[in-house]
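This report goes through one protein chain, from a single side chain to the chain as a whole. Please keep the sequence and the structure at hand while reading.

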Amino acid sequence: MKKIISILLVLTMAISCLAACGKENAGKGNEGQNVVETPVNEEGNATAKEPDSETSDESNDKAESGAEFDMEAFFNEIASKNPGADLKTIEDAILADPYFVLFTHQDTKFEYEGMDPEYYYPALNYEYTPEGIADSICVADYITNSGAIIYVIDPEEGTDPLSILEGFKANSDPKWMDFEKGTDSMAGTVIDGRVYFALYNANMQPVEGKIAENARDFVEMFHDFIAENPGASTLDIAEYFRSHQKFTALNANSVVPGRITGFGDFDNEVEITGFTEGAGFVPLMTPNLFIGYVFKVDAPENAESFAKMLEENANLGWNICMVANTIITETDGEYVLFMMCQEDTQ
């Protein structure tokens, strides 16, 4: 059943969040990992190590200096700032941090009418089923597909939290998402009886600025980026969009005049010309009900007519098997933003 759940999750992410999930090398566990452990006392709590109160303020300085991310300090900071908090509050605090703002929630418990609950724990070997867990939250990086993931777990009464932590460490699969490289670091600790566990990359960087939750958010970001970066290349803009959104995994790439995905169809082939520079921010996996481009034309006065031409030649059913319902165009000087997506029309 767990494998069926995993397959369904991957198919769902291919449409909405595109989690490139997979399993490989089951049983190799934490091979090649840098394991960070926090000392614990007899009650299973972390020994006194005060979190750096300036951790958040210094994140940019650390990123610029090339310092490795200290996950252990982050866990202590989250616990210190949220004493006695429920797991949802802890999850919200993690997702609000610049280092984890692109991470998304992952359900671990699935309930079906008339059936016992099924559990799915990404980044753990399929053969392993954790025991003694009363409740847990999980957030993972499905946007950049790094494989980074965080668990925070409340053990059942009478369960040793250290046994849960040791089980996660021994059965983790750093290549669960990236079959070749995988994550390079692991951190695990117990704080006030609560288990914190993560797989991540030590060189991870914070993400600053507005984060798009949907395609429409890119419109404001388009104008803001051009105002702050006059003369930016279209690829610069597409790269910024790719790395500042959390609704689907994207690639950014240059495009040249000619046939471009999303325009025309088999019966009506269309070549898009009339631009001097172009770039797409397109899904890593298809089918997907989103696609976007930024174009640059030779003069601002030609931007509106170029945008109109794009609208007239756009194919909302470019995926064949699924059809979007919205075309968005926007101009700013000689730049033209074009997107197709699915928006709630109710």
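## Arg 194 and its surroundings

Arg 194 is buried, because its relative accessible area is 13% and the cut-off for a buried residue is under 20%. The model is a predicted one, and the values given here are computed from it. Arg 194 lies in strand β8, which covers residues 194–200.

What does the side chain of Arg 194 reach at 3.0 Å? Its partner there is the backbone oxygen of Ala 85. The side chain of Arg 194 also makes a polar contact of 2.7 Å with the side chain of Asp 154. Arg 194 and Asp 154 are 40 residues apart along the chain, yet their C-alpha atoms are separated by 5.2 Å.

The contacts of Arg 194 beyond four places in sequence include Ala 85, Asp 86, Leu 87 and Ile 90. Val 152, Ile 153, Asp 154 and Thr 189 are also among them.

## The five-stranded sheet

Five strands form an open sheet with antiparallel pairing, in the order β9-β10-β11-β13-β12. The edge positions belong to β9 and β12 (326–332); each has a single partner strand, so one side of each has no neighbour in the sheet. On average, neighbouring strands of this sheet are turned by 15° against each other, with direction ignored.

Within the sheet, β10 and β11 run antiparallel and are joined by 5 bridges. Gly 278 has Phe 295 in β11 as its bridge partner. Helix α6 packs on the sheet, where α6 touches β10, β11, β12 and β13. The direction of α6 makes about 15° with that of β12.

## Helix α7

Which residues of helix α7 (residues 234–243) are buried? They are Thr 234, Ile 237, Ala 238 and Phe 241. These residues lie on the same side of α7, because they cover an arc of only 95° around the axis.

The buried residues of α7 pack against one helix segment, α6 (217–228). They also pack against the strands β9 (250–255), β10 (277–283), β11 (290–296) and β13 (335–341).

## Two residues with positive phi

Ala 123 is a residue other than glycine with a positive phi, near 75°. Ala 123 sits in the loop between β4 (118–119) and β5 (133–140). Is Ala 123 buried or exposed? Ala 123 counts as buried, because its relative accessibility is 1%.

Ile 320 is also not glycine and has a positive phi, near 70°. The place of Ile 320 is the loop between α8 (303–313) and β12. Ile 320 counts as exposed, because its relative accessibility is 64% and the cut-off for exposed is over 50%. Thus Ala 123 is buried, whereas Ile 320 is exposed.

## The chain as a whole

The protein chain contains 8 helices and 13 strands. Of its 346 residues, 51% are buried. The chain exposes about 16600 Å², and carbon and sulfur atoms supply 47% of that area.

Taking contacts between residues at least 6 apart in sequence, 68% join residues at least 24 apart. One pair with a wide separation in sequence has been described above: Arg 194 and Asp 154 are 40 residues apart along the chain, and a polar contact joins their side chains.

Methods. Residues are numbered from 1 along each chain as its sequence is written. This is a predicted model: local features need pLDDT of at least 70, side-chain atom pairs count only at pLDDT 80 or more; totals for chains, interfaces and linings use all residues. Side-chain values use heavy atoms; hydrogens and water are left out. Buried means under 20% relative accessible area, exposed over 50%, partly exposed in between (1.4 Å probe, protein chains only). Helices (H or I, at least four residues) and strands (E, at least two) are DSSP runs, numbered from the N terminus. The arc is that of the directions from the helix axis to the C-beta atoms. Contact means heavy atoms within 4.5 Å. A polar contact is a pair of N or O atoms within 3.5 Å; within protein, one must be able to donate a hydrogen and the other to accept it, and residues adjacent in sequence count only if both atoms are side-chain atoms. Accessible areas come from the Shrake-Rupley method with a 1.4 Å probe; for residues, only the protein chains shown count as cover. Two strands pair if DSSP finds at least two bridges between them. Axes are lines fitted to C-alpha atoms, for helices over the stretch in contact, and angles run from 0 to 180 degrees between N-to-C directions.
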